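Here is a short round of questions on salt bridges and pockets. Have the sequence and the model open as you read.

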Amino acid sequence: MKNVYIICPVRKLTDQEKERILNYVEDLEKKGYIVRCPFRDTPQEDEVGLRIVTDHEINDILWADEIHIWWNPTSEGSLFDFAQARMLSHIKENKIILINVDEIEITSKKSYTNVLLATHFGLQPGCTLKELIEAKNK
């Protein structure tokens, strides 16, 4: 049984995103995964935000065997959590999976979106934009 943490927007979460994420979480749980989803499982009452970040670091990212990401580039929290998850993946070797990969467009210049896509496809540092495009088009 694997532990999965979902990185996704919380403050700027649209109703459509919330429904799709909850459906995804439900599917994982039906398969036997233990899932933590921030808007469902982490109290969001925090004037500064430090407690929420700490909860995500200790109770979610360190705990998870896999990190699944619903990417919305406008989400500051998702960007922060992705950076932490990526750093930990060098130590813990946990999988990072992009949930809505088909909806994410490669940017023409370097970007965190491209880094996320390259991570999802298992590309190595120094990969080219051409390699990223080829991986996404497979």
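Q: Is Glu26 buried, partly exposed or exposed?
A: The model is predicted. Buried would need under 20% relative accessible area, and exposed over 50%. Glu26 has 40% relative accessibility, so the class is partly exposed.

Q: Which residue does Glu26 meet in a salt bridge?
A: The partner is in helix α1, residues 15–30. The two are four residues apart, which puts about one helical turn between them. The N to O distance is 3.2 Å, and the partner is Lys30.

Q: Is Lys30 buried or exposed?
A: The cut-off for exposed is over 50% relative accessible area. Lys30 reaches 63% relative accessibility, so this residue counts as exposed.

Q: How many residues apart in sequence are Glu29 and Arg40?
A: These two form a salt bridge, with the closest N and O atoms 2.9 Å apart. Glu29 lies in helix α1 and Arg40 in helix α2 (residues 38–41), so the pair ties together parts whose separation in sequence is 11 residues.

Q: Which residues are joined with Arg40 into one network?
A: Arg40 forms a salt bridge with Glu29. Arg40 also forms one with Asp41, where the closest N and O atoms are 3.0 Å apart. Salt bridges that share partners thus join Arg40 into one network with Glu29 and Asp41.

Q: What is the relative accessible area of Asp41?
A: Partly exposed runs between the 20% and 50% cut-offs. Arg40 falls there at 36%. Asp41 is partly exposed too, with a relative accessible area of 26%.

Q: Which helix gives the most to the lining of the largest pocket?
A: This pocket holds about 490 Å³ of space. Its lining has 23 residues, with Val115, Ala118, Leu123, Gln124 and Cys127 nearest the centre. At least two residues each come from α4 (76–92), β4 (95–98), α5 (112–120) and α6 (129–137). The top contribution is four residues, from α5.

Q: How many residues of the lining of the largest pocket are polar?
A: The lining counts 23 residues. Eight are nonpolar and four are charged, while the polar ones number 11.

Q: Which helix supplies the largest share of the lining of the second largest pocket?
A: The volume here is about 340 Å³. Of the 18 lining residues, Val10, Arg11, Gln44, Ile52 and Gly77 are closest to the centre. Both α3 (50–61) and α4 supply at least two residues of the lining. The largest share is five residues, from α4.

Conventions. Residues numbered from 1 in each chain as written. Predicted model: local features only at pLDDT ≥ 70, side-chain atom pairs only at ≥ 80, totals over all residues. Heavy atoms only, no water. Salt bridge = Lys/Arg side-chain N within 4 Å of Asp/Glu carboxyl O. Buried < 20%, exposed > 50% of the residue type's maximum accessible area, 1.4 Å probe, protein only. 1 Å grid on protein atoms, 1.4 Å probe; cavity = no way out; pocket = protein on both sides within 12 Å on 5 of 7 lines; lining within 4 Å. Points joined across faces, edges and corners; volume = space filled by probe spheres on them. Nonpolar A, V, L, I, M, F, W, Y, C, P; charged D, E, K, R; others polar.
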